[in-house]
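Q: Please pick one part of this structure and walk me through it slowly. I'm new to this, and it would help to have the terms spelled out along the way.

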Amino acid sequence: MTVRVVPVISIVCVLGALTTAALAGTSDPVRLKGRGTSQVQVMEKAAHTYADQHHLLIGKITPGPGQTWYVPLSRRHNGLAVLGADVVLVVDGTGRIRDVTPGDTPDTITLDTKATVPEEQAKRTALAQVKGADMSDTMESVVLMRGGAPTLAYAFDIWRSTGRAEEYDGLSRVWVDGHSGAALGKIVYGQTAIGQGQNTGRVTFDTKKVDGGFSMSDTTRPGLSCGKFPDSGKYLSRADDQWGATDTERACVDVLYAAQREWDMLGSWLDRKGFDGLGRGYPALVDWDQDNAGWSAAKDRAMFGRDPARGRAMTSIDIVGHEYGHAIYHATGTEDEYTDPESTGLSESTGDILGTLTEHFANNPADPPDFTIGEVVGPGPWRYMDKPSRDGESPDCWRRDLNALRDVHAAAGPQNHWFYLLAQGSANSPTCNGRPVTGIGIQKAGRVFISGLMRKTSTWNHAAARRATVASALELYGCPEVTAVRSAWDAISVPAGPTEPKGCA
Ligand SMILES: [Ca+2]
Ligand SMILES: [Zn+2]
């Protein structure tokens, strides 16, 4: 059994992170279809043997590119999640374990899990870590593994109240040592921000025939639907299948069309079944009462607002792809809580990469493929992947203070730049080390990216993403692709770590 912990306020947006309350815990049964049953059995046996040997708990097993399965494994100690001891196995149909990321984990832990520092004292320490913070929520305590040593930690969500209902600022997760009382670290999740909207032109998409007409739900892509905010559990419906009479319908046309293209892109290009990897999608709501688009990890809903000045929905292909990209980010790898501050920027970058892959797959003349985000909505793009600093804020290269940037989306810059270089090469994209990168095309880059992402653990950061994508390129392709992956990371200042696979070096 694994528990996914998300911040108490857990909407991530295309432009900025906003509001909402509620805590989610999910655990779906393992469902594996396709590929030979005997291969599945052999793979599962190998995974269970490894898990038993190392006293780990198996999460959702997901098939991925190259006839392999991704097995997330988590550890608990006295009922507490041990963050930094979770791993992902890549197992093939012969039962061979092809990769363990991020590496071996200690099999036993010795730690007193009864805190000696009172919670109120720890909370005061946590509040002091975020300037102006006046609100807090106590989360489940955890064991943090740092450099192989376990530490008992209180976890708090901390934020500043804004005085406006359902709106928060500076949301951060802060850990405090349960025995020494010292602050152990924090992740900044986001600020509020503003954005705008637009649609995808005349398109065809799949709906469901129901009594008396048609509804905005998708029978071939389970879980995908479109309704009106606030959530009533109802889909849009009408007597005929000719949509677009109202702004609400037009926004849902955009959303279902783009989400269906993303779903099909995942299947055709990335060997991934649905958004969760096991054939499920998630509902969308339009007419959200925010000037933004967002993904609620607490409610598993994508939400799309409207620009009050133009009255247009924020539902372009890359924006819809970005929001469901957050869903895919949360549905890959282990379900343990993130402990590295770089995880927020990597989630935003995952949204941009999957939104861009969707735009290229859709190849819609009303919104032609490019490597920018939000270009059909605003007067110009919000973000640029070829040179992220063109937006005036996003760094082109990795640096240590990414989580301190004013806008969490700016931290998407380095990995967005990496993806651009890997797909397109450096002919039109300056590298941070001045050395050239030869691109391998967007489809191969996408497969390397998703196969790397599926190895995500609680300590996910740029160094881990480098190691994981080098491993995936070695499994999926040959030395030219592996070299391109390494060169692209070198080009954004993320060097090889000690556990990087040595092949093709
Ligand atoms: Ca775009
Ligand atoms: Zn986002």
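A: Let's start with the whole protein: its secondary structure comes to 9 helices and 21 strands (DSSP runs numbered from the N terminus, with helices being H or I runs of at least four residues and strands E runs of at least two). This is a predicted model, where local features need pLDDT of at least 70 and side-chain atom pairs count only at pLDDT 80 or more, while totals for chains, interfaces and linings use all residues. Residues are numbered from 1 along each chain as its sequence is written, chains are lettered from A and ligands numbered from 1 in the order in which they are written, and side-chain values use heavy atoms, with hydrogens and water left out.

Of the 505 residues, 60% count as buried (under 20% relative accessible area with a 1.4 Å probe and protein chains only; over 50% is exposed and in between is partly exposed). Now take contacts (heavy atoms within 4.5 Å) between residues at least 6 apart in sequence: 63% of them join residues at least 24 apart.

The part I'd zoom in on is helix α6, residues 413–424. Two packed helices are described by the angle between their axes and the distance between the axes. Helix α6 packs against helix α9 (residues 479–491) at about 140°, and their axes are 9 Å apart (axes are lines fitted to C-alpha atoms, for helices over the stretch in contact, and angles run from 0 to 180 degrees between N-to-C directions). That angle is why α6 and α9 are called oblique to each other; under 35 degrees would be roughly parallel, over 145 roughly antiparallel, 65 to 115 roughly perpendicular, and the rest is oblique. The crossing of α6 past α9 is right-handed (the near helix is turned clockwise from the far one by less than a right angle; anticlockwise would be left-handed).

Who does the touching? On the α6 side you'll find Gln415, Trp418, Leu421 and Leu422, and they meet Ala484, Val485, Ala488, Trp489 and Ala491 of α9. Sorted by class, that contact of α6 with α9 has 8 nonpolar, 1 polar and no charged residues (Ala, Val, Leu, Ile, Met, Phe, Trp, Tyr, Cys and Pro are nonpolar, Asp, Glu, Lys and Arg are charged, and the others, Gly among them, are polar).

Helix α6 has another partner, α7: the angle is about 135° and the axes are 8 Å apart. That makes this pair oblique as well, and α6 passes α7 in a right-handed crossing. Here α6 brings Gln415, Trp418, Phe419, Leu422 and Ala423, while α7 brings Ile442, Ala445, Gly446, Val448 and Phe449. The class count for α6 with α7 is 8 nonpolar, 2 polar and no charged residues.

Follow the trail one helix further. Helix α7 (residues 442–453) packs on helix α8 (residues 462–476) at about 120°, with 8 Å between the axes, which means α7 is oblique to α8. Once more, the crossing is right-handed. From α7 come Arg447, Val448, Phe449, Ser451 and Gly452, and from α8 come Ala468, Thr469, Ser472, Ala473 and Leu476. This contact divides into 5 nonpolar, 4 polar and 1 charged.

Now zoom in on Trp418. Skipping neighbours within four places in sequence, Trp418 is in contact with Phe449, Thr469, Val485, Ala488, Trp489 and Ile492. Trp418 also belongs to the largest nonpolar core (buried Ala, Val, Leu, Ile, Met, Phe, Trp, Tyr and Cys residues joined through side-chain atoms within 4.5 Å). That core has 94 residues, and those with the most contacts inside it are Met216, Phe275, Tyr324, Leu357, Trp418, Phe419 and Leu422. Its largest share, 13 residues, comes from helix α3 (residues 247–270).

One more residue is worth a look: Thr350, in helix α5 (residues 342–362). At 1% relative accessibility, Thr350 counts as buried. Not counting residues up to four places away in sequence, Thr350 touches Gly325, Tyr329, Gln415, Phe449 and Leu453. You've met Gln415 already, where α6 meets α9, and Phe449 too, where α7 meets α8.
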